[in-house]
Amino acid sequence: VIERSPNAPPASLGRGLDAQLDRLVATLRGGGSNLAGLLLLLVALFAMFAWLLPGTFLRPATMQAMMFQLPELGLLSLAMAIPLVSGGLNLAIIATTNQAALLMAWILTTQMPPDAGGGSLAFWIVLALAAGFLLCLLIGVVTGLIVALTGAHPILVTLGTQTLIGGVSIWLTRGRTLTGFPEPILLVANQTFLGMPYSFVIFVVVALAMHALLTRTPQGVRIHMIGSNLEATRFSGVDTRRVLVGVYVASSLLCWLAAIIMMGRFNSAGADIAQSYLLITILAAILGGINPYGGFGRISGLVVSLAILQTISSGFNLLGFSQHLTLALWGLTLLAVMAVKRVADALHLGHRPRRSRSSARPTPV
Amino acid sequence: LRSVIGLVLGRTESALGAVIILVGLVFSVSSPYFLTLSNAADLIEAYAVTTILAAGVLVVLVSGGIDISFAAVASVTQYVAALVATRYGAPAWLAIGLACALGFALGAVNGLLTHYLRVLSIIVTIATASIFYALLIYVTDGTEIYNLPDWWTDRVVFLRIETASGDFARLTLPMVIMAAVVIATHLLMTRTHAGRQIYAFGGNPEAASRVGIDIRRLQVLVYGYLGALAGLAGFVQAHRVHQVVPTAMFGTELSVLAVAVLGGATLGGGHGSMGGVVLGVLLLAMLQNGLNLLGVSSYFFGVVIGLAILVSISVTGMTGRRMRRRHRIEPA
């Protein structure tokens, strides 16, 4: 296989592609008006809650509570965002996370001797983490291969893998949950480092790494190219199958990290935990400006959108509103942001020929 | 032989039919109870709600969209109808009519938002599903309604047949509603102007709008139709379980979607038929029932559905790709 850097396409494809790629790389690295708008919304929300909740909202304790809550949804949203950028979707993230958590929990609660300590404890924890890692790697490779080889839409493929993975978890556990993990696992989600929870530190590091992967590496540019036009990318000499497998492996490995943090937070693992997060991760990614048709989207936008969702949730919680009202407001926020974008688009494109409807619809695989 | 295999696998419906016959043979040989009238009747009744919802989802899929708010819509309409029936003593026709009308209205909201915001319908419906469902739980506080009127919960039996073994096979209300919905949807999609327009729009939205199809009206119709069917499905679901629980339908979105997809509807739009969806439901129902009768744990069922979906999309994906390739070569 000839590896070609996407920055240096073969001369035969001409300057057009070269210029387009330069523009793509430039948009990947540069900021966008979208991000500015989201930041403005975040600041406005902060100001509103600070005004509504004087003395209680802008407090270190509130900020720390937000940092404790953010990482699990954050990591899962990252796991959803990468397939979205590649023009796909991974509906199996929650099922994958739960199964990884179950496997690690099974090793730690039934296989590990209860009196294990010191070196022995470390060995068992490393073993459990490695097993979870391998499981997620396997799930990612299989999902990626099915997507790449059958050409079926990733929504369908992951609908199948989600049902299958969830089915295996339920079959093996009979719907029971596993609880009671050793101290070090609980520490990850409950201890702080310089005032920040370890889980938050992990999330920030992973988000930065994903940002770097998507914007600074050839692989990241290929993922964006696949999202824009799979066939064109294939004809320009990129092994799209390998890139697709990489996308779903990355997505599944992020689920592994989310599994570790969720085990620590809930001190339990089960087949049916956190199902409601699935659609919220899509909501967060779209709100963060990740294009559902694939090809565009920045991790920075996603992080700001997660901060917005978390601010709404914490603020409403402090105001004494129900959790359910928060969910409704998240939905409204997404619709409102979409509407604002649409109006901005219409104004921006006002003097150009009307954008055809087909460009506003997905091009199905 | 290869051409026979190609013929069978070429159309999703015939491939499904072949698999169903095969599965049916295996189960009827291994369990004497499987191929009895009463078992079949129970099976159909158990899958009535899924089939009604899948019929609506099919229409949306053919139009090139996805809707995952229908479970939330069904919960909302079911609850409103139950409130009207219990608090104000509304008669059956009013409660059911209200459920369908409200369902249509909520569906139309999805259609209009998809049309005007020009975003993927999956995004719009994720947002609206969160809003509908969250507001329902917020307003009702998750309270169940148990004291449904008799006309709602009484079992309606149109026909009762005593089988040779002494069991009864009953033709019940859910089955009749399901059959009516299936026939109506089939006629809508194959015999009406609107049905052809939905296929055209799903196949190529640009071309459809250029030949003068009123796209906004079509979107409202498609999502409204699913909404109305969700209202009906909510009614049937409450009829079967004798109570209204706001969270009961939650989480069924993806499994109904899976059924429609198994039946040959594609996410790209423009493809799929009511017959295929019925076969898809039938296959899943037979698998679940047959495995139960064979004594396989019901916990194992998720594994079977997952495998069925993966095999089905892999086969259709690969044959589809081969056919596309052939199309590309032929004109040259």
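How many residue pairs are in polar contact across the interface of chain B and chain A? In this predicted model, the rule finds 2 such pairs, both at pLDDT 80 or more. Helices supply the elements that give two or more residues to the side of chain B that touches chain A. They are H6 (92-117), H7 (121-140), H11 (205-210), H12 (215-241), H13 (253-262) and H15 (301-329) of chain B. By residue class, this side of chain B divides into 34 nonpolar, 12 polar and 3 charged residues.

The contact involves 49 residues of chain B and 54 residues of chain A. Between them, the two chains bury about 4500 Å². Carbon and sulfur atoms account for 76% of that area. Salt bridges between chain B and chain A number 0.

A nonpolar surface patch draws on both chains. Its area is about 780 Å². Chain A provides Met48(A), Trp51(A), Leu52(A), Leu319(A) and Phe321(A). Chain B provides Leu135(B), Tyr138(B) and Val139(B). Helix H2 (33-52) of chain A and H7 of chain B each give two or more residues to the patch. H7 of chain B is also among the helices listed for the side that touches chain A. Phe321(A) sits in a loop of chain A, between helix H13 (299-318) and helix H14 (323-348).

Over all chains, the count comes to 5 salt bridges. One of the pairs joins Glu231(A) to Arg234(A), with the closest N and O atoms 3.5 Å apart. Both residues belong to helix H10 (residues 230-235) of chain A. They are 3 residues apart there, so about one helical turn separates them. Side chains of opposite charge can pair when their charged atoms come close.

Methods:
Residues numbered from 1 in each chain as written. Chains lettered and ligands numbered in written order. Predicted model: local features only at pLDDT ≥ 70, side-chain atom pairs only at ≥ 80, totals over all residues. Heavy atoms only, no water. Contact = heavy atoms within 4.5 Å. Buried area = accessible area lost by both parts, 1.4 Å probe. Salt bridge = Lys/Arg side-chain N within 4 Å of Asp/Glu carboxyl O. Polar contact = N/O pair within 3.5 Å; in protein donor to acceptor, adjacent residues only side chain to side chain. Helix = DSSP H or I, 4+ residues; strand = E, 2+ residues; numbered from the N terminus. Nonpolar A, V, L, I, M, F, W, Y, C, P; charged D, E, K, R; others polar. Patch = residues over 30% accessible without salt bridge, like charges linked within 9 Å, V, L, I, M, F, W, Y side chains within 5 Å. Areas by Shrake-Rupley, 256 points an atom, 1.4 Å probe, with all protein chains shown as cover.
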